[in-house]
Amino acid sequence: MQKLVITGGKPLRGEIRASGAKNAALPLLAASLLTEEPMVFHNLPDLADVKTMLRLLEDLGCKVTRSDHAVTIEASNITSTEASYDLVKTMRASILVLCPLVARFGKAKVSLPGGCSIGARPVDQHIKGLKALGTEVTIDHGYVSASADKLKGTLIVTDMVTVTGTENLMMAAVLAEGTTVLENAAREPEVVDLADCLNAMGAKIQGAGTDRIIIEGVEKLHGTTHTIMSDRIEVGSFLVAAVATGGKARVTHCNPRDLAVVIDKLRESGAEVTFGDDWIEAGAGKTLKAVDIRTAPYPAFPTDMQAQFMALDTIAEGAARVDETIFENRFMHVPELQRLGADITIDGHTATVRGVSRLSGAPLMATDLRASAALVIAALAADGESTVDRIYHLDRGYEKMEEKLRALGADIKRVKE
């Protein structure tokens, strides 16, 4: 077990480079199963979840060759179409191999993902869509078994907006006969990144980035080279950290358009934000003001930035209301923020944050990925020393976070317990 030791009170200043997006990398890696030709990905983040997905692909028979922040995947000799529980249990995104396997090989057996600390993430929409495409699906002993002679295009209307569901069904439809229409599709930039890659492989996808995606099936796909988009949540987290500590930081190699709502909320808080084609800079203004947050599917405020902004609100002037509409258990960071002296009350899916003049360092425990980032941000802004335990959560989605923070002047180190 490892933990972070943070001495707060130091303004973050300087420039760092954004890493590739975890939430884009995982479906892109799964898409390698759709072709027998090599797939090359650049800007691959060095994350625990990425390593798990690569192990899963190797377990299925893929040849995986890594080189720094790049990887080549060859799925020409698949030896298995079964994703075992031992790997799937550690990462819910493993379900993303289900549809590519069915689309290319006509069968798949994938363990149902385990529980998730932030709330339910059912895969029923994935299964509903596969059935609509002509797949026989059974669930037995914790596994989803799917088989189809040939997928056939159809209309699929999901009951809810689901990012992984949209990505999975899009990967199924690219090799189906005829045309598939996905209604109520997720609009996230990561969905667009996957569609761009699939189109470069020979797919025919229109409408990615809207709630209606049209896919004309093709006979087969070929290999390609693709650069993974930057991680908009990582970028937002570092910008919030700079503002919370009273500093000023620039993040490069990112897309400001993907962070429009985050930029808007930072400016509402009193921060000074500027940006160019591929960079964003945020600095603390004269006064930090509390800002209300309501999470919703893209392009609204992302649930993955809720905890970080709550950390910012704890030291802002006034009171803020935080409404979490995506996950039912995403306030687990609140008791830990309270240990630092934060004034937060919870009523159902709403938290009220009243800013305090100062936070003071304390021992903290991470409960999930984004909660970890919020605790680090709060600890950086607090007086004195804090420790953050269970940082394996952090390593799932932030590449060498402590090294990037040190480059901005933070007093932070990783130690073994």
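How many disulfides does the count come to? I started there, keeping in mind that this is a predicted model. The count comes to zero disulfides.

**Cysteines.** I looked up cysteine 62 next, and its nearest cysteine sulfur belongs to cysteine 197, 14 Å away. A disulfide needs the two sulfurs within 2.5 Å, so cysteine 62 is in no disulfide. Cysteine 62 counts as buried, because its relative accessibility of 7% is under the 20% limit. For cysteine 99 I found the nearest cysteine sulfur, that of cysteine 62, at 16 Å, and no disulfide here either. Cysteine 99 is buried too, with a relative accessible area of 0%.

**Helix H7.** Cysteine 197 took me to H7, where it is one of the buried residues. Others on that list include Pro189, Glu190, Asp193 and Leu198. I checked the helix length: H7 runs over residues 189–200, and its 12 residues at 1.5 Å each should span 16 Å. The end C-alpha atoms sit 17 Å apart, which agrees. After H7 comes glycine 202, with a positive phi near 110°.

**Cores.** Leu198 turned up again in the largest nonpolar core, a set of 76 residues. Leu198 is among those with the most contacts inside that core, along with Leu29, Leu34 and Met170. I pulled the contacts of leucine 34, leaving aside neighbours within four places in sequence: they include Leu198, Met201, Met171, Val174 and Leu221. Polar company is on the list as well, in the form of Arg104. There is a second, separate core of 72 residues, with Ala244, Ala351, Ala373 and Val376 among them.

**Valine 144.** I found valine 144 in strand E9, which covers residues 143–147. Buried or exposed? Valine 144 is buried, at 1% relative accessible area. Beyond four places in sequence, its contacts include Leu98, Val110, Leu112, Ile127 and Ile139, and also Lys109. From valine 144 to alanine 173, 29 residues along the chain, the C-alpha separation is 19 Å.

**Sheet.** Last, I went through an open sheet of four strands, ordered E22-E23-E1-E24 with mixed pairing. E22 (363–365) and E24 (411–416) are the edge strands, each pairing on one side only. From one strand to the next the twist averages 25°. E22 pairs with E23 (residues 385–389) in the parallel sense, over three bridges. I noted one partnership there: methionine 365 bridges to aspartate 389 in E23. Helix H12 (residues 369–381) packs on this sheet and touches E1, E22, E23 and E24. The direction of H12 makes about 30° with that of E1.

Notes. Residues numbered from 1 in each chain as written. Predicted model: local features only at pLDDT ≥ 70, side-chain atom pairs only at ≥ 80, totals over all residues. Heavy atoms only, no water. Helix = DSSP H or I, 4+ residues; strand = E, 2+ residues; numbered from the N terminus. Buried < 20%, exposed > 50% of the residue type's maximum accessible area, 1.4 Å probe, protein only. Contact = heavy atoms within 4.5 Å. Core = buried A, V, L, I, M, F, W, Y, C linked by side-chain atoms within 4.5 Å. Expected span 1.5 Å × (residues − 1). Pairing = 2+ DSSP bridges. Axes fitted to C-alpha atoms, helices over the stretch in contact; angles between N-to-C directions.
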